[in-house]
Amino acid sequence: MEIFEYKVKDKQGKIVQDIIESTSRKDAAVSLRDQGYQVLTVRKTMPTQSFLDKTRRISTVEQAIFCRYLSTMMKAGLPLAESIEIMAKESTNRKMGRVLRDLQFSLQRGQKLSTVFARYPEIYDSVFLTLTRAGEESGTLEQSFDYLAKQLMTSYELSQKVKGALLYPAVILSAMMGVGVIMITFVLPRISTVFLRLNIKLPLATKLLLTISQFMGNNFPWIIGSALLLLSALVVIIRFARTRKALARFSSKFPVLSRLFDQLDLARFSRTLSTLLKSGVPIVESIRVSVELLTQTKFVKLGKTFEESIQKGQSLSDAIAQGEGVFPGLMTQSIRAVEKTGSLEVVLEELAQFYEQEVEHTLK
C-alpha cells in the first residue's frame, strides 16, 4: 500500500484535502469517485520502496536514538505528531525517513503508533511492538520509549563486544588466506613448470598443488574476477535475516561458541522479560515475547511450554525447572526466591547483568 495526497470537491462544492492509502494512483482516484467526490488531483506523497530500501537496514543505534529523542520530546510536553515531524525532517537514513513520514501521515488519520510499527516487521520486533502498545494503553508512552532506548543500547553494546572479540581472529585468518592465495597464484606457478617437467615422481599431493597453482597463475584475471563476484554474492546473501540465523545456528554447534550463545540467550531473555514487566505488560504476554528472542534449540523447546504453564497457574520458576538442566539452577533459584515478593523484574535485571558479564569473560 502507498500513501497519496488528494484534492477533491464534494457535493456542496467544497474543496477537501487529505491523504488516502491505496495500491496505485488510479485505484485511489476510483475510490474517491465512488465516495461521491469530484477528483481534482491525486499525487504520491511517498516514493515507491525500491529493492535497496527493502534490503537497507535501520541500525540498532538509530532505533535507540529514535526512542531516546521521542521520549525526551514527549517528556518536554511536545505533541507526538510534532515530535515525529521534527525527526522526519532531520533524518538522513532514507528508510527511517520513509517510516517517519508514514508515522506522520498515520497519526494525522488517528492511527496508533503500534499500528504503523506493525507494518515494518523487518525493523520493529515483537518487543518493540509490545512495549509501544503497553505505553499507548497505559498512557505512559514516553516511559516505554525510554525503556526501549535502554534495551536497544544494551543489546547493541553486547553485540559490539562479541564482534570486537571476533575481529582479531578474523583479521588473522584473512591474512593467512591472503598469504596462501599469493603463494599459490604468484610464487608457486614460477617453480611448478620446472617441477612438472622434471622426469621425477612427485607425491600426489605435491603434484596436485603445483597443477592448481599453475592453473591459477595462467588464469589470474578470471580467478580474481570470480572471487570478487563470489564475495559480493556472499555479502548480499548475509544481509538477509534467514541467512544470518542459519549461520548462527551452525556456529552454535561448536563447544566454545555454544557456551557463548547460551549466555547471550540468557542475558537477552532476562533483560527483555524485566523490561516488559517494568512497563506493565502482563506476565503471560511478556513470557511469550521474551521466548521469541531465544535462539538456542534447547531453550526454544522448553520456552514454548512457559506460556501454557503460566496460564495453568504455575510459577515461572516451576515452568523453568521442568526442563532440568536446560536453564541454569542460578536462574531458577533466583526467580523462585523473589516471586512471592513481587520484585521479579528486579532480579531479572540483575540476572541479565550477570550473564552479560559472563559473556565478557567468555570473550576474553
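## A bridge between Lys95 and Glu122

Let's start with a pair of side chains: Lys95 and Glu122 meet in a salt bridge, with 3.4 Å from N to O. The two partners belong to distant parts of the chain, 27 residues apart. Lys95 sits in helix α5, which covers residues 94-108, while Glu122 is found in the loop between α6 (113-117) and α7 (126-138). Keep in mind as you look around that this is a predicted model.

Are these two partners buried or exposed? Lys95 has a relative accessible area of 2%, and because buried means under 20%, Lys95 counts as buried. Glu122 reaches 47% relative accessibility, so Glu122 is classed as partly exposed.

## Other salt bridges to find

How many salt bridges does the structure hold? There are 15 of them. The general idea is a simple one: side chains of opposite charge can pair when their charged atoms come close.

Another pair to look for is Lys161 with Glu360, whose side chains meet in a salt bridge at 2.6 Å, N to O. Lys161 lies in helix α8 and Glu360 in helix α18 (residues 344-363), so this bridge ties together parts that are 199 residues apart in sequence. Lys161 is partly exposed, at 37% relative accessibility, and Glu360 is also partly exposed, at 26%.

Next, try Arg336 and Asp318, whose side chains form a salt bridge of 3.1 Å, N to O. Here helix α17 (residues 329-338) carries Arg336 and helix α16 (residues 316-321) carries Asp318, and the two residues are 18 residues apart. Arg336 is partly exposed at 33% relative accessibility, and Asp318 is partly exposed with a relative accessible area of 36%. Salt bridges can also share partners: in this way Arg68, Lys75, Asp146 and Lys150 are joined into one network.

## How some helices pack

Two packed helices are described by the angle between their axes and the distance between the axes. With that in mind, look at α7 and helix α12 (residues 255-278), which pack at an angle of about 15° with their axes 10 Å apart. Why do they count as roughly parallel? Angles under 35 degrees are given that name, so α7 and α12 are roughly parallel to each other. The crossing of α7 past α12 is left-handed.

Now turn to helix α4 (residues 80-90) and α5, whose axes come within 9 Å and cross at roughly 155°. Angles over 145 degrees count as roughly antiparallel, so α4 is roughly antiparallel to α5. This crossing of α4 and α5 is left-handed. You have met α5 before, as the helix that holds Lys95.

## A nonpolar patch on the surface

Which residues make the nonpolar surface patch of about 580 Å²? They are Tyr168, Ile172, Leu173, Met176 and Met177.

Let's take a look at one member, Met177. Met177 has its place in helix α8, which runs over residues 141-197, and α8 is also the helix of Lys161 from the bridge to Glu360. Met177 has a relative accessible area of 54%, and because exposed means over 50%, Met177 counts as exposed. You can also follow the chain from Met177 to Leu202: these residues are 25 residues apart in sequence and 25 Å apart in space, C-alpha to C-alpha.

Technical notes
Residues are numbered from 1 along each chain as its sequence is written. This is a predicted model: local features need pLDDT of at least 70, side-chain atom pairs count only at pLDDT 80 or more; totals for chains, interfaces and linings use all residues. Side-chain values use heavy atoms; hydrogens and water are left out. Patches are made of residues with over 30% relative accessible area and no salt bridge: like charges are joined within 9 Å, nonpolar side chains (Val, Leu, Ile, Met, Phe, Trp, Tyr) within 5 Å. Accessible areas come from the Shrake-Rupley method with a 1.4 Å probe; for residues, only the protein chains shown count as cover. A salt bridge is a side-chain nitrogen of Lys or Arg within 4 Å of a carboxyl oxygen of Asp or Glu. Helices (H or I, at least four residues) and strands (E, at least two) are DSSP runs, numbered from the N terminus. Buried means under 20% relative accessible area, exposed over 50%, partly exposed in between (1.4 Å probe, protein chains only). Axes are lines fitted to C-alpha atoms, for helices over the stretch in contact, and angles run from 0 to 180 degrees between N-to-C directions. Angles under 35 degrees count as roughly parallel, over 145 as roughly antiparallel, 65 to 115 as roughly perpendicular and the rest as oblique. A crossing is left-handed if the near helix is turned anticlockwise from the far one by less than a right angle, and right-handed if clockwise.
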